[in-house]
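Hello,

I am passing a structure on to you, and I thought a few notes might help you find your way around. Please have a look at it first, and then read on.

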Amino acid sequence: MEWTVKELAERAGISGRTLRHYHDIGLLEPDRVGSNGYRYYGPDAVTRLHRILLLRDTGMALGEIAAVLDAPEATTAEIEALQAHLRQLVADREALDRRIDTVEHTLAMRRQGREPQMDVMLQGFNDRYEDEVVQRWGREAFEVSNRWWHSKSVRRQREWKDAAEALLARWRELQEEGCDPDSAAAQEHAAVHLAWFADIPGTPTHAGDAERSTAMVLGVAAKYETDPDFHRAFGSRAAARFAATALRIHVQHPS
């Protein structure tokens, strides 16, 4: 089977001018040129064109592509370029999947007459408190935790949010049951809360830095007490204050 310039260009998604240019510079020779001047391309030429287009997408110059394709064996340059291109394509696909998840989530919320909401529990580790996180624990801590959160699919973010809500609901239960912040039940849940912090990459707790972990927990406890968003997340201002006090006791007076 053979294809003319027009037929091959349509199948490859490029222009006929591009094919003719590749011929002119010796990058892609047609199998034959008819008496009418038409170029005809067979399977071997199509295979070479496929490789040309792949390498072109990596950003490799046409002269380099010619050298790679004319080498007797597959070159390191071709393999490395294609590997790097594959990694980029995978990253692009993952980014597109996240965008699709976000649109689906937003659409679902809109259909329910609700506003898409960011998870308030992670606000201490992402965009809203970026300056504070960077100042206290460094740019790398912010970037790592932020990438961790935004790399999650909407489903994973929702699962994480459900677990966070259960964590906070337990604080309210303990407070409403009349427990003291230094009670065994409250301190046991404080340990669970710290383990929850430790699951978040970029936090000092995740890194096992005891001194900076204490500073982080004290800072977060202050947010729990003063930030109305957290009061709502805990279910009441009293529950948020109870949790803050119990966490302070846990890190300042470990048993």
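Leaving aside its neighbours within four places in sequence, which residues is Ser236 in contact with? They are Gln175 and His231. Before going further, please keep in mind that this is a predicted model.

Since we have begun with Ser236, here is where to look for it: Ser236 sits in the loop between helix H12 (228-234) and H13. Arg172 is 64 residues away from Ser236 in sequence, yet the C-alpha atoms of these two are 7.6 Å apart in space.

Now for the overall picture. The protein has 255 residues, and 36% of them are buried. You will find 13 helices and 3 strands in it. If you take the contacts with a separation of 6 or more, 53% of them are between residues 24 or more positions apart. The protein exposes about 15,000 Å², and carbon and sulfur atoms supply 50% of that area.

A good place to start is helix H1, which covers residues 5-12. Its buried residues are Val5, Leu8 and Ala9. Because these residues cover an arc of only 100° around the axis, they lie on the same side of H1. On the face turned away from that buried side, you will see the exposed residues Lys6, Glu10 and Arg11. What do the buried residues of H1 pack against? Their partners are two strands, S1 (3-4) and S3 (39-41), together with two helices, H2 (16-24) and H3 (43-57). Just after H1 comes Gly13, whose phi is positive, at about 75°.

Next, the helix pairs. Two packed helices are described by the angle between their axes and the distance between the axes.

The pair of H2 and H3 packs at an angle of about 100°, and their axes are 13 Å apart. H2 and H3 are therefore roughly perpendicular to each other. On the H2 side, the residues that meet H3 are Thr18, Leu19 and Tyr22; on the H3 side, they are Leu49, Ile52, Leu53 and Arg56. Sorted by class, this contact of H2 with H3 has 5 nonpolar residues, 1 polar and 1 charged.

While you are at H3, have a look at Asp57, which is also placed in that helix. Is Asp57 buried or partly exposed? With a relative accessible area of 48%, Asp57 is partly exposed. Leu82 is 25 residues from Asp57 in sequence, and the distance between their C-alpha atoms is 9.2 Å.

The other pair is helix H9 (residues 184-198) with helix H13 (residues 237-252): their axes come within 9 Å and cross at roughly 85°. That angle makes H9 roughly perpendicular to H13. H9 brings Ala186, Gln187, Ala190, Ala191, His193 and Leu194 to the contact, while H13 brings Phe242, Ala246, Leu247, Ile249, His250 and Val251. Of the residues in the contact of H9 with H13, 9 are nonpolar and 3 are polar, with no charged ones.

One residue of that contact deserves a note of its own: Val251, in helix H13. Why does Val251 count as buried? Its relative accessibility is 16%, and buried means under 20%. Apart from neighbours within four places in sequence, Val251 is in contact with Leu194, Thr214, Val217 and Leu218. The C-alpha atoms of Val251 and Ala215 are separated by 9.1 Å, although the two residues are 36 apart along the chain.

That is what I have for now. I hope you enjoy looking through it.

Best wishes

Technical notes. Residues numbered from 1 in each chain as written. Predicted model: local features only at pLDDT ≥ 70, side-chain atom pairs only at ≥ 80, totals over all residues. Heavy atoms only, no water. Buried < 20%, exposed > 50% of the residue type's maximum accessible area, 1.4 Å probe, protein only. Helix = DSSP H or I, 4+ residues; strand = E, 2+ residues; numbered from the N terminus. Arc of directions from axis to C-beta. Contact = heavy atoms within 4.5 Å. Axes fitted to C-alpha atoms, helices over the stretch in contact; angles between N-to-C directions. Parallel < 35°, antiparallel > 145°, perpendicular 65-115°, else oblique. Nonpolar A, V, L, I, M, F, W, Y, C, P; charged D, E, K, R; others polar. Areas by Shrake-Rupley, 256 points an atom, 1.4 Å probe, with all protein chains shown as cover.
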